[in-house]
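Thanks for sharing this one with me. Here are a few friendly notes to read alongside the picture.

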Amino acid sequence: MGGNSRKFKKAEKSKIKLKSSLKGAKLPKGANVTKTNFKVRKIVIPDQIKQRNLTDAAVLSSRSLSVNDCLSKLKQSNSTSKCEGLRGLREILGKLPTEVTENHLSTAIKSIASISIDVERDVRRDCYKTLGLLFAAAGQENVLPFFDVLLSFLRCAMTHIQPRIQEDALLLLDTYLQHLPQLVLLNRDKIFPQFLDMISKLRSESKPERTLTLSLNKQSTSTKWRTRVLMRLIGMLKILIDSKKRDDGTVVESKVEDEPMDTGDENNPFTTKSSQVSSKTLSINNVFDYKAPQHFPLVRHRLYQPCPLTCLFRKSIGEDKLSLSDQIDEGRKLKTYVQMMMPLLFESWLEVRPTSSGGETAEHVLSHEAATTLALLLDIAIQLWELVVIYGRETNNTDMTRWFREQYSEDFCNHILKGFPFYQSPSATGKARGVAQTSDESKERNVDEKCYQQNFNICYFYCCMNEHFRSDRSKNYDKVVNYVERCVNNWKFRSPEVSSLLLKVLRYMLLETDCVAVNQNTRGLLKTLLEVYIQAKLPQETRNRILILFCDIIVLNDRLWREYGQEIFTLWLRMLPNLLKKPVIDFNVLKALLCLAKQKNAIFLYSLEENVDDIVANVGSIRVVNEQYKNEGLVLLVNLLFWINKRDVLEKLLQPERVKAMKIDDGMKAYFRSTLKTRLTCL
């Protein structure tokens, strides 16, 4: 070290030293004056800094970042900066959403959507959260011009080479389904092929049939991955079914506050729509004009809907409806969807179904994975069937429904109905409850040991697949009826969803479809339901729905009621007026009783006349739930008394002291008098 130091010093001394020639020189006199004739430039502040107004904290994030600052961070390569920019945008959207949606919507959507396929998982998840807040603030109409950009990134994520990005594509689709359902519905043909490519592939390029593929990666099994994909398919089909029903008029939803809510056909008393009790008073003319002609409907309820003339004259429906060519195109698309999905559903079930090697009952016991898969497959199959039925109703053509039954009825009976009814093994349920679930797996359905949901859906779908099931004497129908009858006898379900599903199955089996012939098994099921309704202690909502089902059978299909046997309903009809003597009654039940009276059911009217004194005494204290207007239920109750046929009973009710003693307002008393006086003039 010392030698090197000496060499360095020697080299420094050997360098040539330059001396300044100005050393010691002085400027001449007058030349050392400071010059003031220089020019000054203004200090220019960039626009980015001008917008950063620290006094207005509403347009800034917690780190004093504006919208442009947050968007600029999304273009950086650092994942931390991207997450910070997304977090700042969410904070600004929470404070002032209009600031982003009005001035920065286009830039924000393109910048945020561009990182939806980022390599980092945290960046992708933050991106989906931010997109959800942005869609909620902007609305579907404002996002519509940019949906092609969003759709391109969704399809890119679905077909990405990295499996993790494909998995998170399902979360991106969840965001679209939640906030942009109508836009997803309009572009379903662009999403559906890539969606199915995630779990299947085409058997051949010329046919729509598909075959299942293996698992996406080694982190999850193929069944779990298909379950996650099929859950999103259920959401897409549900949006499509709801839109079809809304256009068809079967589902009416109105949230107008200033106008009365449309409850559908007022002549149909069997609408089960529940609404909150409103404080509005029903605007109605409380005095009858007995001289005016009265008209009563004589046609059946199912004949109220007009015939679609477009299918007869081959003309376009109009601007808001599909033309005939569009309807044919919709039918072809629907048929293609069914041809793609139904084989996949059966193939998925064949992979997870139990084998029969352990004995005769081993085929009925399901693992947790098999039970979850079966629930999803049945939901999708029922949704496809509903779409086919809606299409047949729109086109006034049953060719599609007939084709669906012929194509898949036999496969359903061979593959799924063969092991019916199913149960879940206790070890599988205990293991499923004990294992910690991830955020995505927590959405999978936890089924009970009895598998009620799966079994009821199997019963419902079997009846859909067999047009004349009510008179069917096959072993398959015997299995279905016997299982449903056992469940009705042991009606002790903890979940209200299971009770609602059983009521749906009972309504379809006992009333729906045009099959009029009834065999002994179906008649026995109806008798069992009547006995349970009379004797068992069921929840009030369940009792109301069963009562409405019985009234539907009597009122809507007179021939079917006679096939069941009028003696079955005799005891039940005599008990109905007792409902009017209770302190509480449902509005829909009251409408059903009024429809029975309009039909002039002799058994019901005879019992009504016997209990009329107690019913009138209870008019002032009875409470009608689910009525839309004040006194709407009392109006129906008075209209029910209108159908009493005995003149002496009506005159007794019109006595001044009895009317005066009624605990109702003066307007309802006037309506009560005018209604019964009008009835007396008719007798």
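1. A good place to start is a pair of helices. In this predicted model, helix α16 brings A371, L374, A375, L378, D379, A381, I382 and W385 into contact with Q453, Q454, N457, I458, Y460, F461, C464 and M465 of helix α19. Sorted by type, the residues of this contact are 12 nonpolar, three polar and one charged.

2. Next, look at how the two helices lie. Helix α16 covers residues 368-395 and helix α19 covers residues 452-465; their axes are 10 Å apart, and the packing angle is about 30°. Angles under 35 degrees count as roughly parallel, so α16 and α19 are roughly parallel to each other. Their crossing is left-handed.

3. Now for the cysteines. A disulfide is a covalent bond between the sulfur atoms of two cysteines. How many disulfides does the count give? The count is zero, where a pair of cysteine sulfur atoms would have to be within 2.5 Å.

4. Are C70 and C127 buried or exposed? Buried means under 20% relative accessible area. C70 has 0% relative accessibility, so C70 counts as buried. C127, also with a value of 0%, is buried by this rule as well.

5. Finally, find R559 in helix α24, which spans residues 558-564. The relative accessibility of R559 is 54%, and exposed means over 50%, so R559 counts as exposed. Along the chain, R559 and V516 are 43 residues apart, yet their C-alpha atoms are separated by 7.2 Å. Try locating both residues in the picture.

How values were computed
Residues are numbered from 1 along each chain as its sequence is written. This is a predicted model: local features need pLDDT of at least 70, side-chain atom pairs count only at pLDDT 80 or more; totals for chains, interfaces and linings use all residues. Side-chain values use heavy atoms; hydrogens and water are left out. Axes are lines fitted to C-alpha atoms, for helices over the stretch in contact, and angles run from 0 to 180 degrees between N-to-C directions. Helices (H or I, at least four residues) and strands (E, at least two) are DSSP runs, numbered from the N terminus. Angles under 35 degrees count as roughly parallel, over 145 as roughly antiparallel, 65 to 115 as roughly perpendicular and the rest as oblique. A crossing is left-handed if the near helix is turned anticlockwise from the far one by less than a right angle, and right-handed if clockwise. Contact means heavy atoms within 4.5 Å. Ala, Val, Leu, Ile, Met, Phe, Trp, Tyr, Cys and Pro count as nonpolar, Asp, Glu, Lys and Arg as charged, and the others, Gly among them, as polar. Buried means under 20% relative accessible area, exposed over 50%, partly exposed in between (1.4 Å probe, protein chains only).
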